[in-house]
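These are my notebook entries on one structure. I record what I looked up, entry by entry.

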Amino acid sequence: MGDREVVRHLCHNRACVCPDHLAIGSYQQNTQDENERRYAGRDSQGRGQKV
């Protein structure tokens with residue numbers, strides 16, 4: 001992993017440590033993931049919208 005790379009949580013759960021849910025990427029990709037999570041109405045733990 002390089003200095004400019006970060007760990008991305010593909011499941012949108014920041015607490016997740018499952019290797020299948022993690023990927024190496026750039027800050028830009030990580031920001032895009034965060035925006036997609038918010039657009040989908042998920043909280044920081046990857047859960048759906050509260051009813």
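**Entry 1: burial and surface.** I looked up how much of the protein chain is buried, where buried means under 20% relative accessible area, exposed means over 50%, and partly exposed lies in between (1.4 Å probe, protein chains only). Of the 51 residues in the protein chain, 18% are buried. The accessible surface of the chain, obtained by the Shrake-Rupley method with a 1.4 Å probe, comes to about 4,100 Å². Carbon and sulfur atoms hold 48% of this surface.

I note that the model is predicted, that local features need pLDDT of at least 70 and side-chain atom pairs pLDDT 80 or more, while totals for chains, interfaces and linings use all residues. Residues are numbered from 1 along each chain as its sequence is written, and side-chain values use heavy atoms, with hydrogens and water left out.

**Entry 2: helices and strands.** I looked up the elements, which are DSSP runs numbered from the N terminus: helices are H or I with at least four residues, strands are E with at least two. The protein chain has one helix and two strands. Their pattern along the sequence is β-β-α.

**Entry 3: the strands.** Two strands pair if DSSP finds at least two bridges between them. I found that β1 and β2 pair in the antiparallel sense, over five bridges. Opposite R8 I found A23, in β2.

I then asked which side chains of β1 point to which face. V6 and R8 point to one face and are buried, whereas E5, V7 and H9 point to the other and are not. I recall the general rule that in a regular strand the side chains alternate between the two faces of the sheet.

**Entry 4: salt bridges.** I counted a salt bridge wherever a side-chain nitrogen of Lys or Arg is within 4 Å of a carboxyl oxygen of Asp or Glu. How many did this rule give? The count is two.

One of them joins the side chains of D33 and R8, at 2.7 Å from N to O. Because D33 lies in helix α1 (residues 27–39) and R8 in strand β1 (residues 5–9), the pair ties together parts that are 25 residues apart in sequence. Both D33 and R8 are buried.

E34 forms a salt bridge with R14, and their closest N and O atoms are 2.7 Å apart. This pair also links distant parts of the chain: E34 is in helix α1, R14 is in the loop between β1 and β2 (22–26), and they are 20 residues apart. E34 counts as buried because its relative accessibility is 18%. R14, at a relative accessible area of 49%, is partly exposed.

**Entry 5: D33 and H12.** I returned to D33 in helix α1. D33 has a relative accessible area of 9%, so it is buried. I took contact to mean heavy atoms within 4.5 Å. Leaving aside neighbours within four places in sequence, D33 is in contact with R8 and H12.

H12 sits in the loop between β1 and β2. H12 is buried because its relative accessible area is 15%. Its phi is near 65 degrees, a positive value in a residue other than glycine. In general, most residues other than glycine have a negative phi.

**Entry 6: cysteines.** I looked for disulfides, that is, pairs of cysteine sulfur atoms within 2.5 Å. A disulfide is a covalent bond between the sulfur atoms of two cysteines. The structure holds zero disulfides. Why is C11 without a bond to C16? The sulfur of C16 is the cysteine sulfur closest to that of C11, but at 3.7 Å it is too far for a bond. C16 is likewise in no disulfide. C11 is partly exposed, at 26% relative accessibility, whereas C16 is buried, at 14%.

**Entry 7: a surface patch and two ends of a gap.** I looked up nonpolar patches, made of residues with over 30% relative accessible area and no salt bridge, in which nonpolar side chains (Val, Leu, Ile, Met, Phe, Trp, Tyr) are joined within 5 Å; like charges would be joined within 9 Å. M1, V7 and I24 form such a patch on the surface, with about 300 Å² of accessible area together. I24 is in strand β2, and its 44% relative accessibility makes it partly exposed.

G2 lies in the segment before β1 and is partly exposed, at 33% relative accessibility. From G2 to S26 I noted 24 residues in sequence and 9.7 Å in space, C-alpha to C-alpha. Among contacts in the protein chain with a separation of 6 or more, 25% are between residues 24 or more positions apart.
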